[in-house]
Every structure is written in structure tokens, then in C-alpha cells.
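Reader: Hello! Could you take me on a close look at one part of this model, the place where salt bridges and a helix pair come together, and set it in its surroundings?

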Amino acid sequence: MIRSSIVNYYISKEFLKVVLNTSLIFFCLGFVLNLFEEINFFKDYEVGIEVPIYLSLLFVPNLLFNMFPFLILLSGIWYFLKIKRNDEIIALKVSGVSNLSVIFIPSILSLIIGIIFIAGFNPIISVMVKKYENIKGSYERDQEYLAAITVNGIWIKERKHGKNNLIRANKLQGQNLINLSIYQFDNNNDFVKRIEANSADISSLHWKIKDAKIIEKDGETSFENIKVYTYKSMYDIKKIKSLYSNLDTVSFWSLDNEIELLENRGYSSRDMRAKLQQSLAFPCFLVSMILLSGVFTLSSGFKQNNWNYIFLAIISSVLIFYFVRFSSALGKTDKLPVEISVWMPILIIFIFSAVGILHANQK
């Protein structure tokens, strides 16, 4: 830590200013690009421009949040390059400040920003993403199918052969729905009949319902103990297990409850546990990006062209992105424990950057 409070304040202010400017640039760029996409989506609907604008405002913060580690990398390069080209780094060194001390304050600020993002902004952003999906989903032409996991069980709604079917099961066990009930309604939503069963094999779209019982609308049982009753659905085991495909709708503070809910319903919670570990690792990820930006800029003793740094930042971001995705894929396919698959890339980047910073500190 730099002992002078004036220097600490100056470095903090300048770094936060760069982060804010970079965030605004990326927000505006993301907003414009997403706005065109939303306008293209609504071209066949009679809506005004305010709907695409509103949806873009809901969507872009999440986009910015997901790419924030790379935004911090670019901000770090921008900041360190700025103090280097203005010869501020020389003035700091003359006053006894090392490269390590110059990087220390942005690293602490990145850690704090990461904690604030996860604990404070993430719940707000998850609500915005959920609202975005609900609004945009209301304009989808195909609204005949719906599935959800709740504390009361697994619920599926679908329309087929002019009838509305509401399906409920207690949980998923392997590839079977347990304690299954299928309620059938006509086009006027009048009850037609109910199908009850202890289990149903949903490995394909043609469900094999075992020991089924059909109860008519008057409460009388028309058929009972049907060994195998075939029911054609729009959902199979793969589609049902992908109900949580967009984990951005789940708040950090709700992850533990969602993991418990999935496990109680017989679902795999690996994706949700990976999301939890990624959230916990987010502040450390930001710190590793700052250290890496310091390695790129402060370790070289000469002034390079700005385009070289831009190219370096882009290449590094792409490599890190695919490295993180590859490691995450290993975790999701049981090749690695979830915790290792999330923390390993960050630890490798951190070690590489720490060695580079120590080397730069000797210059």
C-alpha cells in the first residue's frame, strides 16, 4: 500500500474514472447493437420503438455484467498505459513507489467492485433479465407450451389435439416422473379427464406411463391399472432438464435455495453449483484481470503503439474466454469437480500475472 493518502486518492480516482468511461462506452455499444436486434424481432409486430428501447435497457446491464472481467482488463491496460505515457509512473517511482504498489490499489478496488456487483447489482440484474424474458416471451407466436420447477413439484402445460393439458409430478427420478397427474381441458378450459400414475418414462417424446388410471370429469374411473399408457408430449428428459438454461435469471442470493430445490426434485444441480462458484470467484477474477493488465503494460520498458495494446487485449480476452469455457465444460461433463473447473482458470491467470508483476517490480 502507498502510504501517501493523496497518492492513494489520486490513483483510485483516476482508475475508477477509466472503469466508468469504459463501462459507458461498452454500455452504449451494447445498447445500439441490441436495439437493432430487438427492432428486427418486432418488425412483424405492431409496437412502437419504446418497446425495443425498454427491452434493450433491461438486457444490456446483464451483457455488461457477463463481460465485465474483460472490461476490467481493458480498463487496466488503459489506465496503466495512461500513467505510463504521461510519465506519471516515473514520478511515482522517483517518490519511492514501486510497480507493485501502483497495481495494489486498482486490485483492491477491483475486488471491492466485484463484491458489490455480486452482492448488490446481480440480484437487480437477474430481475431485469427475468422481466426481459417475460415481456419478450409474451410476443412469441407459440405460447402453447410451458414448463417450470416449483416448490410444489414439476409443472408442464401444453396444447395438443385441441386440448389443454396440465401435467404435474412430484419429482424427477432418473428418466422417470414420479407421482404423475395429467389434467386435460377442452378449448373452453372445461375439465375433461385426469390421468394418474405412479411414474412415467420420459426418455422420449412418447411417454410410457406405467399403471395408469383414467378418471373422467364426473369422478368415475373409466380405466384402471393400465400397464403401459402412451402419452405424446412436447417434452422429454433433455428438454425438462434444460428448464434452467438461462441461469442469469437466478439471483446470487437465491442460488442455494435453487440448488436445494433442484436436488429435491431429482434434477442435476451441477450447472447451478457452477453458477454459485462463478459468482464467488467473480471478485478474484477481476483482480486477476488487473494483474494481467499490469503485466502487459508495466513490464515493458518502452512505449509501444496503442494499437499493439488493443490487439493484445482482444487476443487475451478471446483466449481467456475460451479457456474459461473449456474448463467449465469439463466441470459440466463430470471430467472435473465443479469447484476446480471454475477456480482453476482464475488461479492459473493469477499465478501467471503474479510472476509477471514481480518481474516488472524489479524494473
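**A close look at a helix pair and its salt bridges**

Author: Happy to, and let me warm up away from the pair: at 43% relative accessibility, Asp211 counts as partly exposed, where buried means under 20% relative accessible area, exposed over 50% and partly exposed in between, using a 1.4 Å probe and protein chains only. Please keep in mind that this is a predicted model, in which local features need pLDDT of at least 70 and side-chain atom pairs count only at pLDDT 80 or more, while totals for chains, interfaces and linings use all residues. Residues are numbered from 1 along each chain as its sequence is written, and side-chain values use heavy atoms, with hydrogens and water left out.

Asp211 belongs to strand β7 (residues 206-216), and its phi is near 50°, a positive value in a residue other than glycine. Asn179 also has a positive phi, about 55°, although it is not a glycine. Asn179 sits in strand β5 (residues 176-185) and, at 36% relative accessibility, is partly exposed. In the protein chain as a whole there are 10 helices and eight strands; helices (H or I, at least four residues) and strands (E, at least two) are DSSP runs, numbered from the N terminus. Of the 363 residues in the protein chain, 44% are buried.

Now to the part you asked about. The axes of α1 and α3 come within 9 Å and cross at roughly 130°. These axes are lines fitted to C-alpha atoms, for helices over the stretch in contact, and angles run from 0 to 180 degrees between N-to-C directions. The two helices α1 and α3 are therefore oblique to each other; angles under 35 degrees count as roughly parallel, over 145 as roughly antiparallel, 65 to 115 as roughly perpendicular and the rest as oblique. The crossing of α1 and α3 is right-handed, a word used if the near helix is turned clockwise from the far one by less than a right angle, with left-handed if anticlockwise.

Who does the touching? On the α1 side, the contact includes Ile11, Glu14, Phe15, Val18 and Phe26, and on the α3 side it includes Phe68, Ile72, Trp78, Tyr79 and Lys82. Contact here means heavy atoms within 4.5 Å. The residues of this contact between α1 and α3 divide into 12 nonpolar, five polar and two charged. In that sorting, Ala, Val, Leu, Ile, Met, Phe, Trp, Tyr, Cys and Pro are nonpolar, Asp, Glu, Lys and Arg are charged, and the others, Gly among them, are polar.

Next come the charges. Glu14 forms a salt bridge with Lys82, their closest N and O atoms being 2.7 Å apart. Glu14 lies in helix α1 and Lys82 in helix α3 (residues 68-85), so the pair ties together parts that are 68 residues apart in sequence. A salt bridge is a side-chain nitrogen of Lys or Arg within 4 Å of a carboxyl oxygen of Asp or Glu. Lys82 is partly exposed, with a relative accessible area of 29%, while Glu14 is buried at 8%.

Glu14 forms a salt bridge with Lys17 too, with the closest N and O atoms 3.6 Å apart. Both Glu14 and Lys17 lie in helix α1 (residues 5-41), three residues apart, about one turn of the helix. Lys17 has a relative accessible area of 40% and is partly exposed.

The structure holds five salt bridges, and another of them is found between the side chains of Glu196 and Arg194 (2.5 Å, N to O). Glu196 is partly exposed at 21% relative accessibility, and Arg194 is partly exposed with a relative accessible area of 23%. Back at the helix pair, salt bridges that share partners join Glu14, Lys17 and Lys82 into one network.

Two neighbours round off the picture. Ser110, in helix α5 (residues 99-137), is buried with a relative accessible area of 0%. Leaving aside residues up to four places away in sequence, Ser110 touches Phe15, Ile72, Pro283, Leu286, Val287 and Ile290. Leu24, found in helix α1, is partly exposed with a relative accessible area of 46%. Leu24 and Leu64 are 40 residues apart in sequence and 9.7 Å apart in space, C-alpha to C-alpha.
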